Amino acid sequence: MSSDVEGGDMANSAGIPQSPDRDGDGPMDRAEEFIRLFNWVEEFLSRLVNRAPYTRFERLVEVASADNAAVRANARALEQFAKVRNAIVHGEGYPPHIVAKPSPEALSKFRRVAHALVEPMPLA
């Protein structure tokens, strides 16, 4: 997973975190966008499985996978993105201390997965 990590507060009308220039180096850098996407997905999974806010992300994925095909199809990627999230944020203080940022490719992939889960394309 090391290839996915390297050493502005904007959202669209639906509240989806995004970088204004979409390459991840604008006002909201890649690490910040990744963390916002991660939190968005985590909140979605918590609501989906009706779990307490402090349920481990991996457990949310496991439980949601039982009933949600999109989560099931992306479970491995979600588990890897949780590891990337942990590599990005270090320490227990607030605000979190960002020590790395995801590669543009990792951010792009996570962006696609996040949108597929939280805002899936309607079936025709």
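# Exercises on salt bridges and burial

R111 has a relative accessibility of 9% and therefore counts as buried, where buried means under 20% relative accessible area, exposed means over 50%, and partly exposed lies in between, with a 1.4 Å probe and protein chains only. The model is predicted, so that local features need pLDDT of at least 70 and side-chain atom pairs count only at pLDDT 80 or more, while totals for chains, interfaces and linings use all residues. Residues are numbered from 1 along each chain as its sequence is written, and side-chain values use heavy atoms, with hydrogens and water left out.

**Exercise 1.** Describe the fold pattern and the surface of the protein chain.

*Solution.* Begin with the secondary structure: the protein chain holds five helices and four strands, taken as DSSP runs numbered from the N terminus, with helices (H or I) of at least four residues and strands (E) of at least two. Their order along the sequence is β-α-α-α-α-β-β-β-α. Next, consider burial, for which 39% of the 124 residues count as buried. Finally, about 7500 Å² of the protein chain is exposed, with carbon and sulfur atoms supplying 50% of that area, as computed by the Shrake-Rupley method with a 1.4 Å probe.

**Exercise 2.** Determine which residue pairs with R111 in a salt bridge, and place both partners in the chain.

*Solution.* First apply the criterion, a side-chain nitrogen of Lys or Arg within 4 Å of a carboxyl oxygen of Asp or Glu. The partner is E33, with an N to O distance of 2.9 Å. This pair links distant parts of the chain, since R111 belongs to helix α5 (residues 104-118) and E33 to helix α1 (residues 30-49), 78 residues apart. As for burial, E33 counts as buried because its relative accessibility is 0%.

**Exercise 3.** Work out how the salt bridges of E62 and E58 are placed and how accessible their partners are.

*Solution.* Take E62, which forms a salt bridge with R59 at a closest N and O separation of 2.9 Å. Both residues lie in helix α2 (residues 57-65), three residues apart, or about one turn of the helix. E62 is exposed at 52%, whereas R59 is partly exposed at 33%. Then turn to E58, whose salt bridge with R56 has its closest N and O atoms 3.7 Å apart. Here E58 is partly exposed at 28%, while R56 is exposed at 56%. The full count of salt bridges is four.

**Exercise 4.** Characterise the surroundings of S46.

*Solution.* S46 sits in helix α1 and, at 12% relative accessibility, counts as buried. Leaving aside residues up to four places away in sequence, S46 touches R51, A52 and L60, contact meaning heavy atoms within 4.5 Å.
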